[in-house]
Amino acid sequence: MEKLLQPDLGLIFWTIVNFTLLALLLAKFAWKPIISAIEEREKKVADDIAAAQNAKDEAKKIEENLKRELENSSKNAALRLEEATKAAQKEREQILQDAQSQAQNLVAHAKEEINLETQKAIAEVKKELADTALLAAKKLVAKESDIKTNKAMVEELLNEIKK
Amino acid sequence: MIGEILQHHILNHGFNFLGIQFPISQFVAMMLLVSTVILFVFIFAAHKKTGRLRTVAEMFVMFVRDDLVLPNLHEKGRKLVPFFCSLFIFILFSNYLGMLPWARTVTANISVTAGLALVSLFIIVGQSIKNNGFWGFTKTFVPGGVPWWLIPLMFPLEVLSLIIRIFVLAVRLFANMTAGHIILIGLISFIFIMGAHGVKDGFMTAGPVMFMTLFVSILELLVAVIQAYVFTLLTVIFASLQLEAH
């Protein structure tokens with residue numbers, strides 16, 4: 001049984017030679033192609049994951065930009081609406097003011113025309129009165145009437161003026 | 001008698017095939033057979049792009065790389081992955097092919113396991129010198145924080161510890177594989193011992209013994225994988241101890 005524990009130098013040597021050759025051949029023709037294929041695949045998977053992550057980040061960025069733009073557009077729209085409302089309000093006020101001033105002008109113009117017409121009428125009345133007085137005087141002179149006649153005439157004249 | 005059977009099975013003999021005496025021993029012939037089978041299987045697998053064999057080969061390489069080498073040796077061990085793959089597969093195939101009828105279990109011979117352990121030692125020492133330089137390699141034998149006056153004692157102890165580790169590596173594989181054979185031979189011998197008492201006793205013993213032999217053989221299938229794994233894992237751990245300077 002002790003022979004089982006006795007090392008055989010020759011067998012140790014051939015084991016070393018055999019295993020070294022096997023390891024070299026396997027490394028070159030078996031493990032290297034398999035390992036490089038695995039590493040290539042792992043690299044591809046890692047690249048794909050990185051690309052997917054990049055695309056996700058990019059999409060997120062685009063989404064954020066769109067959100068920001070949408071917010072900006074809403075703000076702009078609100079601003080423009082406010083501006084338009086203000087402009088419209090201003091224009092309305094302007095139109096009202098213009099209308100008011102135009103109305104005032106018209107009223108002033110009408111008043112002026114009325115004044116003119118009144119003065120014209122008064123002047124005409126005065127002229128007519130003067131003419132009537134002159135006619136009455138002429139009639140008075142012509143008839144040489146008495147006081148009664150004169151008086152009646154004056155009253156007639158006054159009535160005519162009152163009319 | 002059992003000793004003789006065991007010695008015939010485990011010790012090295014001349015290789016005689018079909019009455020022709022070959023100038024190599026049985027164990028060398030067996031190792032060549034194992035190596036040829038491994039080369040054929042894995043080179044074939046490497047040249048196939050798909051298929052079950054290729055998948056199994058890739059799973060095996062990834063197992064050795066991701067579960068044995070990289071967790072212990074980190075990036076330094078990446079270059080050693082092919083060596084550890086070869087070591088694992090050679091021991092595994094030797095263990096399994098040794099279970100075939102008429103074959104020899106090369107890993108149940110101390111000289112073969114010693115040869116494998118020596119190759120591991122060369123790789124560990126060589127890689128340590130390559131990574132750390134010769135001075136760095138000698139420094140791996142001095143644990144960090146040791147007072148200077150303890151170094152003359154610690155250095156030979158650490159060198160001895162590496163040699164013992166490698167020696168134990170060889171003995172562990174040899175002992176485990178031999179133990180299986182001893183149990184099987186011991187069990188089968190029961191039939192003959194009982195048969196010597198009487199033929200009927202021999203036949204009565206044969207049934208339970210064959211059942212137990214089958215059980216031990218199934219256990220051996222498991223032991224074959226476990227021992228290949230243990231040998232490779234311990235080599236990786238010893239390499240990690242030597243590659244990283246204290």
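## A walk around chains A and B

Start by selecting B:H74, which counts as partly exposed at 45% relative accessibility. (Buried means under 20% relative accessible area, exposed means over 50%, and partly exposed is what falls in between, with a 1.4 Å probe and protein chains only.) Before you go on, note that this is a predicted model, where local features need pLDDT of at least 70, side-chain atom pairs count only at pLDDT 80 or more, and totals for chains, interfaces and linings use all residues, while side-chain values use heavy atoms, leaving out hydrogens and water. To find your way, residues are numbered from 1 along each chain as its sequence is written, with chains lettered from A and ligands numbered from 1 in the order in which they are written.

**Stop 1: two loops in chain B**

B:H74 sits in the loop between helix 3 and helix 4 of chain B. (Helices are DSSP runs of H or I with at least four residues, strands are runs of E with at least two, and both are numbered from the N terminus.) What is the sign of phi at B:H74? It is positive, near 55 degrees, in a residue other than glycine. Most residues other than glycine have a negative phi.

Now jump to B:W102, in the loop between helix 4 and helix 5 of chain B. Phi is positive here too, near 70 degrees, and again the residue is not glycine. Is B:W102 buried or exposed? With a relative accessible area of 85%, B:W102 is exposed.

**Stop 2: zoom out to chain B**

Colour chain B by secondary structure and you should find seven helices and two strands. Along the sequence they run α-β-β-α-α-α-α-α-α. Of the 246 residues in chain B, 47% are buried.

**Stop 3: two helix pairs**

Two packed helices are described by the angle between their axes and the distance between the axes. Select helix 3 (residues 52–73) and helix 4 (residues 81–97) of chain B: their axes come within 10 Å and cross at roughly 120 degrees. (Axes are lines fitted to C-alpha atoms, for helices over the stretch in contact, and angles between N-to-C directions run from 0 to 180 degrees.) Helix 3 and helix 4 of chain B are therefore oblique to each other. (Under 35 degrees counts as roughly parallel, over 145 as roughly antiparallel, 65 to 115 as roughly perpendicular, and the rest as oblique.) The crossing of helix 3 and helix 4 of chain B is right-handed. (That is, the near helix is turned clockwise from the far one by less than a right angle; anticlockwise would be left-handed.)

Next, pick helix 5 (residues 110–139) and helix 7 (residues 199–243) of chain B, which pack at an angle of about 20 degrees with their axes 9 Å apart. That makes helix 5 of chain B roughly parallel to helix 7 of chain B. Their crossing is right-handed.

**Stop 4: a greasy spot on helix 6**

Show B:L153, B:L157, B:L160, B:I164, B:F167 and B:V168 as surface: together they make a nonpolar surface patch of about 560 Å². (Patch residues have over 30% relative accessible area and no salt bridge; nonpolar side chains are joined within 5 Å and like charges within 9 Å.) One of these residues, B:I164, lies in helix 6 (residues 151–197) of chain B. B:I164 is partly exposed, with a relative accessible area of 44%.

**Stop 5: over to chain A**

Go to A:I49, in helix 1 (residues 9–143) of chain A. A:I49 is exposed, at 54% relative accessible area. How far apart are the C-alpha atoms of A:I49 and A:L116? They are separated by 97 Å, with these positions 67 residues apart along the chain.

**Stop 6: salt bridges**

Over all chains, the structure holds nine salt bridges. (A salt bridge is a side-chain nitrogen of Lys or Arg within 4 Å of a carboxyl oxygen of Asp or Glu.) Select A:E39 and B:R78, a salt bridge with its closest N and O atoms 3.2 Å apart. This pair crosses between chains, linking helix 1 of chain A to the loop between helix 3 and helix 4 of chain B. Both ends are partly exposed: A:E39 at 31% and B:R78 at 30%.

Move along to A:K43 and A:D47, whose closest N and O atoms are 3.3 Å apart in another salt bridge. Both lie in helix 1 of chain A, four residues apart, or about one turn of the helix. A:K43 is exposed at 53%, while A:D47 is partly exposed at 40%.

Finish on A:D48 and A:K44, a salt bridge with 3.4 Å between the closest N and O atoms. A:D48 is partly exposed at 44%, and A:K44 is exposed at 52%. As a last selection, take A:E39, B:E75 and B:R78, joined into one network by salt bridges that share partners.

Note on methods. Areas by Shrake-Rupley, 256 points an atom, 1.4 Å probe, with all protein chains shown as cover.
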